[in-house]
Protein chains: 2
Amino acid sequence: MIAPDFAQLELGLDVPALPGMAEEDVLTPALIIDLDAFEDNLSRMRALCQTYGVRHRAHAKMHKSVDIARLQVERGNAVGLCCQKVSEAEVFVRAGFKDILISNEITDPVRIDRLARLARHARILVCVDDLANVAALARAARCQDVTIEVLVELDVGAGRCGVKTANGAMALAQAVASSPGLRFSGLQAYHGPAQHFRSFADRRAAIDQAIGKVRAILDDLAGLGLSCDIVGGAGTGTAALEAASGVYNELQSGSYAFLDASYATIEDENGRPSAMFRHALFLLSSVMSTAAEGRAICDAGLKSQTLESGLPKVWMRDFQVLGCNDEHLILADPQNQLKLNDKLRLIPGHCDPTCNLHDWYVCVRNGVVETLWPVSARGKSL
Amino acid sequence: MIAPDFAQLELGLDVPALPGMAEEDVLTPALIIDLDAFEDNLSRMRALCQTYGVRHRAHAKMHKSVDIARLQVERGNAVGLCCQKVSEAEVFVRAGFKDILISNEITDPVRIDRLARLARHARILVCVDDLANVAALARAARCQDVTIEVLVELDVGAGRCGVKTANGAMALAQAVASSPGLRFSGLQAYHGPAQHFRSFADRRAAIDQAIGKVRAILDDLAGLGLSCDIVGGAGTGTAALEAASGVYNELQSGSYAFLDASYATIEDENGRPSAMFRHALFLLSSVMSTAAEGRAICDAGLKSQTLESGLPKVWMRDFQVLGCNDEHLILADPQNQLKLNDKLRLIPGHCDPTCNLHDWYVCVRNGVVETLWPVSARGKSL
């Protein structure tokens, strides 16, 4: 097979929009950021941190965008970023960020080497829950002549990584503190599942337990002469609780900047929908088939959103989402109101993996595209 | 912020492997193709088509890979490709493919224009289920001075796009046949849900119904003097049924080349697991935390696989998958057999959207990396 002459092909570039365009002209499926709501979310998180005198280290795994991270630092007053993978951190170091916590264990030798190389260019922190991993990190740091800062990860209820016992935490902290090339910088104590508990009382109970556990370990560490610069944790669902704890000093929220359908279901103290943050992320989709009575088919399927936290919701219009296949979203439209090429904003079920499917954010204000931001670390999972 | 000097940064490229490397040294998470199983799957589909005298038009939306599509045409004897999006088809036309069906409705004016431009370089077919869309396609074809071939899509039970009635199908076929710039080339009659019905009897009942519907419409069309070059449909779950129908003449299977955990649950006529195709796609993952008793955490989360068809399975080893978060897979390991950095092959729940998350396929034979193939149309959802 011989490829055609591409000078003649005039293939469209896969940019879903151009600045100045009306939102209704954006090619779909495309991620839309409502800039007013997004900026408001940054302000709200900054205010929360100011109120309680804690720092915010914004989680970049959610948006994977250099432009958004920059706004989180500059306008949102974030002290730095969290990443979840070395390849993700590389993108942000390359863009000039100087303070990055990999809020995860890095155990593979190739990745440890890459982590140590990053520490030549930025303050790099990483989590540990294994003594052999501490030794491997220390060797790599000495080999690259850098210091890697280390947080000991506690399992405070997430049932994932991290040590459960005070003895385990102390052994790791001592190992880090006594390893040339490493610096013991504190604790990572993130309670993932609690973020999504619908009831405020359940979230408070889970985080109270986490706070108690962290406080006890801080006391134990102080007894060993080890202090913690960073006690980090908290996502969007519980940030106000850790902020008010007097124990945590760095919040690591990510989703707060966008919100999603899953986070929108959590309730405040009075059992009402929590209004701490606003919906700023949407998946714009077009109707592509109205052939069936009572049903409309849109062009946003599993290649542009993920379903593990449930189906998306339709924004500001009363259509029920019936299902989602590889390339199609199926809506109930009992009165056949929707017409071919009508556009709908969807609220994705879960923002993090949905953003990771896209190459661009289309940033909109008052119905007009203001700018486009690349999803800079899209696909960086190594 | 000023970006660091990247000549000094020596950032690793995000290639998960190099040819000649052992599989156990591949960086994770990474998609692995078992080349022996993959080639065997191509042969099996070729044999199925030869047995029944039908053509295979391989569905490229599944793998999105130019290299795989080429092997499907050259070794698997596929007559052409299916794509699901215009941007996807552009990638394959650019690579030299000459016969592409977009097995979907294209209704947006910008996309219709791009579709017509593609028809300058390749045989392009598209589906319709709307009369106004027929008119729009015809205008674009005349504007670009090309012929776009059109299949009328029937809803044969999928409950998605397509017309349900013979009258609807005939009106569309006549509109296409009488539109300069368009050619009426046949029917699209894909029964998506039936692919995944576990019981053979249920699959047969669904496809028998589809066959009956298609046969009646073919008769009606013949009465109008309209013949169908293509009667297309069939996925991996039902391909043998449409192949044997005497009515369908083009199969559109995609997943047969890789298989996934969802397709592995379907049964043959005797209620045993269908062994028509072999597992050829795996997600290689590494153990990154063993801090908890009875549990191991792997590095493959929702950024490297999707869950809408269920959790992945562990290949050839007896570990139960307990859950999957953004960046972590949680395994039960009651005897604490797994060690840090152990590698496991996972069988993804659903291959299509999982492949779309990755940039590379790592192709392995006898435990050694033979080559890497890019996921050429990754993210092409426009």
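At the start of α5(B), a side-chain oxygen of D108(B) comes to within 3.0 Å of the backbone nitrogen of V110(B). That's one small detail from a predicted model with a chain A and a chain B that can be laid on each other with an RMSD of 0.0 Å. Below is a quick tour of helix α5, the way the two chains relate, and three buried residues.

**Helix α5, in both chains**

- In chain B, α5 covers residues 109–118, and seven of its 10 residues are buried, so think of this helix as mostly covered.
- The buried set in α5(B) is R111(B), I112(B), R114(B), L115(B), A116(B), R117(B) and L118(B).
- Over in chain A, α5(A) is mostly covered too, with seven of its 10 residues buried.
- Those buried residues of α5(A) are R111(A), I112(A), R114(A), L115(A), A116(A), R117(A) and L118(A).
- D108(A) acts as the cap on the N-terminal end of α5(A), with a side-chain oxygen 3.0 Å from the backbone nitrogen of V110(A).

**How α5 packs on α6 in chain A**

- Helix α5(A) packs against helix α6(A), which spans residues 131–144, at an angle of about 50 degrees, and the two axes sit 9 Å apart.
- Angles that are neither under 35 degrees, over 145 nor 65 to 115 count as oblique, and α5(A) and α6(A) are therefore oblique to each other.
- The crossing of α5(A) past α6(A) is right-handed.
- On the α5(A) side, the residues that meet α6(A) are I112(A), D113(A), L115(A), A116(A) and R117(A).
- Their partners in α6(A) are N133(A), A136(A), L137(A), A140(A), A141(A) and Q144(A).
- Of the α5(A) residues on that list, I112(A), L115(A), A116(A) and R117(A) are among the buried ones.

**How the two chains relate**

- To lay chain B on chain A, you turn it by 180 degrees and shift it 0.0 Å along the axis.
- That's the relation of a two-fold axis.
- The copies meet through the same surface, because 100% of the interface residues of chain B are also interface residues in chain A.

**H328(A) and Q84(A), which both touch chain B**

- H328(A) sits in the loop between β13 (321–324) and β14 (329–332) of chain A.
- With a relative accessible area of 2%, H328(A) is buried.
- The H328(A) side chain makes a polar contact with the side chain of R160(B), at 3.4 Å.
- In chain B, H328(A) touches Q84(B), N104(B), R160(B) and C161(B), while its chain A contacts include M288(A), I297(A), C298(A) and G323(A).
- Q84(A) is in the loop between β3 (80–83) and α4 (86–94) of chain A.
- Relative accessibility for Q84(A) is 4%, so Q84(A) counts as buried.
- The side chain of Q84(A) has a polar contact with the side chain of H59(A), at 3.4 Å.
- Contacts of Q84(A) include E327(B) and H328(B) from chain B, along with K61(A), I102(A), S103(A) and N104(A) from chain A.

**C351(A)**

- C351(A) belongs to helix α10 of chain A, which runs over residues 351–355.
- C351(A) has 0% relative accessibility, so this cysteine counts as buried.
- Setting aside residues up to four places away in sequence, C351(A) touches M62(A), S255(A), L259(A), D260(A) and L281(A).
- T306(A) is 45 residues from C351(A) along the chain, and their C-alpha atoms are separated by 8.5 Å.

Note on methods:
Residues numbered from 1 in each chain as written. Chains lettered and ligands numbered in written order. Predicted model: local features only at pLDDT ≥ 70, side-chain atom pairs only at ≥ 80, totals over all residues. Heavy atoms only, no water. Least-squares fit on C-alpha atoms with pLDDT ≥ 70 in both. Contact = heavy atoms within 4.5 Å. Buried < 20%, exposed > 50% of the residue type's maximum accessible area, 1.4 Å probe, protein only. Helix = DSSP H or I, 4+ residues; strand = E, 2+ residues; numbered from the N terminus. Polar contact = N/O pair within 3.5 Å; in protein donor to acceptor, adjacent residues only side chain to side chain. Axes fitted to C-alpha atoms, helices over the stretch in contact; angles between N-to-C directions. Left-handed = near helix turned anticlockwise from the far one by under 90°.
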